[in-house]
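Reader: I am new to reading protein models. Please take me through one part slowly, then link that part to its surroundings.

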Amino acid sequence: MTDTIPTEFEVLDERMAAVGGDTTIEILYRGTRWGEGPVYFPAGRFLVWSDIPNDRMLRWDEMTGAVGPFRRPSHYVNGNTLDREGRRFPASRARAGSPAPSTTAPSR
């Protein structure tokens, strides 16, 4: 059974009132201390996000629902996006002494 929570939306701009939204949000994983920066890889059908205090990135597989490590250490990456070629570009506010993450490595 899928774990979900109900959603509530506050309309701040009446032009958006007709958009609506989903009635529930599916919880994919519990166990990150501070999860943020998700990015979805359509070609691989998986989602990656950061767990900053644990210095790791996790990967959720859309086909199996499994969650596992994507990168550890992650060097405190806190945001991700894909370029037009499907390469992941991380954002980071790295701690002193830790190397900056690569911004050009493909992660398909």
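Is Arg 59 buried, exposed or partly exposed?

Author: This is a predicted model. Arg 59 has a relative accessible area of 26%. Buried would need a value under 20%, and exposed a value over 50%. Arg 59 is therefore partly exposed.

Now look at the partner. The side chain of Arg 59 meets that of Asp 61 in a salt bridge. The N to O distance is 3.6 Å. A salt bridge here needs a side-chain nitrogen within 4 Å of a carboxyl oxygen, so this pair counts. Asp 61 has a relative accessibility of 15%. That value is under 20%, so Asp 61 is buried. One pair, then, joins a partly exposed Arg 59 to a buried Asp 61.

Next, follow Arg 59 to another neighbour. Arg 59 is among the residues in contact with Val 48. Sequence neighbours within four places are left aside in that list. Val 48 also touches Gly 37, Pro 38, Val 39 and Phe 41. Met 57, Leu 58 and Phe 70 are further contacts of Val 48.

Val 48 leads to the core. The largest nonpolar core has 6 residues, and Val 48 is one of them. The others are Val 39, Phe 41, Phe 46, Met 57 and Val 77. Strand E3, residues 35–41, supplies at least two residues of this core. Strand E4, residues 46–51, also supplies at least two.

Val 77 belongs to that core too, and residue 77 begins strand E7. E7 covers residues 77–82 and pairs with E8, residues 88–92. The pairing is antiparallel, over 5 bridges. In one of these bridges, Leu 82 of E7 partners Arg 88 of E8. Between the two strands of this hairpin lie 5 residues. Gly 86 in the hairpin takes a positive phi near 85°.

Charged side chains meet here as well. Arg 87 forms a salt bridge with Asp 83, with the closest N and O atoms 2.6 Å apart. Arg 87 is partly exposed, at 24% relative accessible area. Shared partners join Asp 83, Glu 85 and Arg 87 into one salt-bridge network.

Finally, compare with one more pair. Arg 15 forms a salt bridge with Asp 13, and their closest N and O atoms are 2.5 Å apart. Arg 15 has a relative accessible area of 71%, so this residue is exposed. Asp 13, at 27%, is partly exposed. The whole structure holds 7 salt bridges, and the pair of Arg 59 and Asp 61 is one of them.

Terms used: Residues numbered from 1 in each chain as written. Predicted model: local features only at pLDDT ≥ 70, side-chain atom pairs only at ≥ 80, totals over all residues. Heavy atoms only, no water. Core = buried A, V, L, I, M, F, W, Y, C linked by side-chain atoms within 4.5 Å. Buried < 20%, exposed > 50% of the residue type's maximum accessible area, 1.4 Å probe, protein only. Helix = DSSP H or I, 4+ residues; strand = E, 2+ residues; numbered from the N terminus. Contact = heavy atoms within 4.5 Å. Pairing = 2+ DSSP bridges.
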